[in-house]
Amino acid sequence: MEEKIKCPECGTILENGQLECNNCDYKLRNYKSIAILGYVLSFLFPLAGIFIGFYLHSKYNKNGKIILVISLIMLLIFLIIPWASDINLSYYYYYS
Ligand SMILES: [Zn+2]
């Protein structure tokens, strides 16, 4: 299925992969640096990644959804790591 996106400025339907709106010359690649920042932040600071993901998603940028998913996975991992190390610690005390 081909993904179609809407121009955030004028609402014209743009073909997948199209970087410029042929109606109002809106440039989607303006968000490329924000998307890169979003990918980096999603790994280091998932909460900031979620924020950028929502922002890009609201701008019809397909990276938004991916950044949101990565951020949520990383957030889960960050929540699980302290919990998992607690479990290991209690096992350690149990067997010693
Ligand atoms: Zn447009």
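Here a colleague asks a modeller about a predicted model of one protein.

Colleague: Let's start simple: which pattern do the helices and strands follow along the sequence?

Modeller: The protein has three helices and two strands. If you read from the start of the sequence to its end, the order is β-β-α-α-α.

Colleague: Where is confidence highest in this model?

Modeller: Across the whole protein the mean pLDDT is 83, with 82% of the residues at 70 or more. Strand β1, residues 5–6, has the lowest confidence, a mean of 79. At the other end, with a mean of 94, sits helix α2.

Colleague: Good to know. Are α1 and α2 roughly parallel or roughly antiparallel?

Modeller: Helix α1 covers residues 32–44 and helix α2 covers residues 46–58, and their axes are 7 Å apart. The angle at which they pack is about 150 degrees. Anything over 145 counts as roughly antiparallel, so that's the label for this pair: roughly antiparallel.

Colleague: How many residues in that contact are nonpolar, and how many are charged?

Modeller: On the α1 side you'll find I34, A35, L37, G38, L41 and S42. The α2 side brings in P46, A48, G49, I52, G53 and L56. Sort them by type and four are polar, while the counts you asked for are eight nonpolar and no charged.

Colleague: A35 caught my eye there. Is it buried or partly exposed?

Modeller: A35 belongs to helix α1. Leaving aside residues up to four places away in sequence, A35 touches L56, N61 and N63. A buried residue needs 20 or more other C-beta atoms within 10 Å. A35 has 19, so it counts as partly exposed.

Colleague: What about L72: which helix holds it, and how far is its C-alpha atom from that of S42?

Modeller: L72 is in helix α3, which runs over residues 63–95. With 15 other C-beta atoms within 10 Å, L72 is partly exposed. Along the chain, L72 and S42 are 30 residues apart, but their C-alpha atoms are separated by 8.2 Å.

Colleague: And outside the helices, how far apart are the C-alpha atoms of Q18 and I5?

Modeller: Q18 sits in the loop between β2 (13–14) and α1. It has 14 C-beta neighbours inside 10 Å, so Q18 counts as partly exposed. Q18 and I5 are 13 residues apart along the chain, and the distance between their C-alpha atoms is 9.1 Å.

Colleague: Last one, for the whole protein: what share of the residues counts as buried?

Modeller: To be buried, a residue needs 20 or more other C-beta atoms within 10 Å of its own. The protein has 96 residues, and the share that counts as buried is 17%.

Technical notes
Residues are numbered from 1 along each chain as its sequence is written. This is a predicted model: local features need pLDDT of at least 70, side-chain atom pairs count only at pLDDT 80 or more; totals for chains, interfaces and linings use all residues. Axes are lines fitted to C-alpha atoms, for helices over the stretch in contact, and angles run from 0 to 180 degrees between N-to-C directions. Helices (H or I, at least four residues) and strands (E, at least two) are DSSP runs, numbered from the N terminus. Angles under 35 degrees count as roughly parallel, over 145 as roughly antiparallel, 65 to 115 as roughly perpendicular and the rest as oblique. Two residues are in contact if their C-beta atoms, placed from the backbone, lie within 7 Å. Ala, Val, Leu, Ile, Met, Phe, Trp, Tyr, Cys and Pro count as nonpolar, Asp, Glu, Lys and Arg as charged, and the others, Gly among them, as polar. pLDDT is the predictor's confidence in each residue, from 0 to 100. A residue is buried if 20 or more other C-beta atoms lie within 10 Å of its own, exposed if 12 or fewer, and partly exposed in between; C-beta atoms are placed from the backbone.
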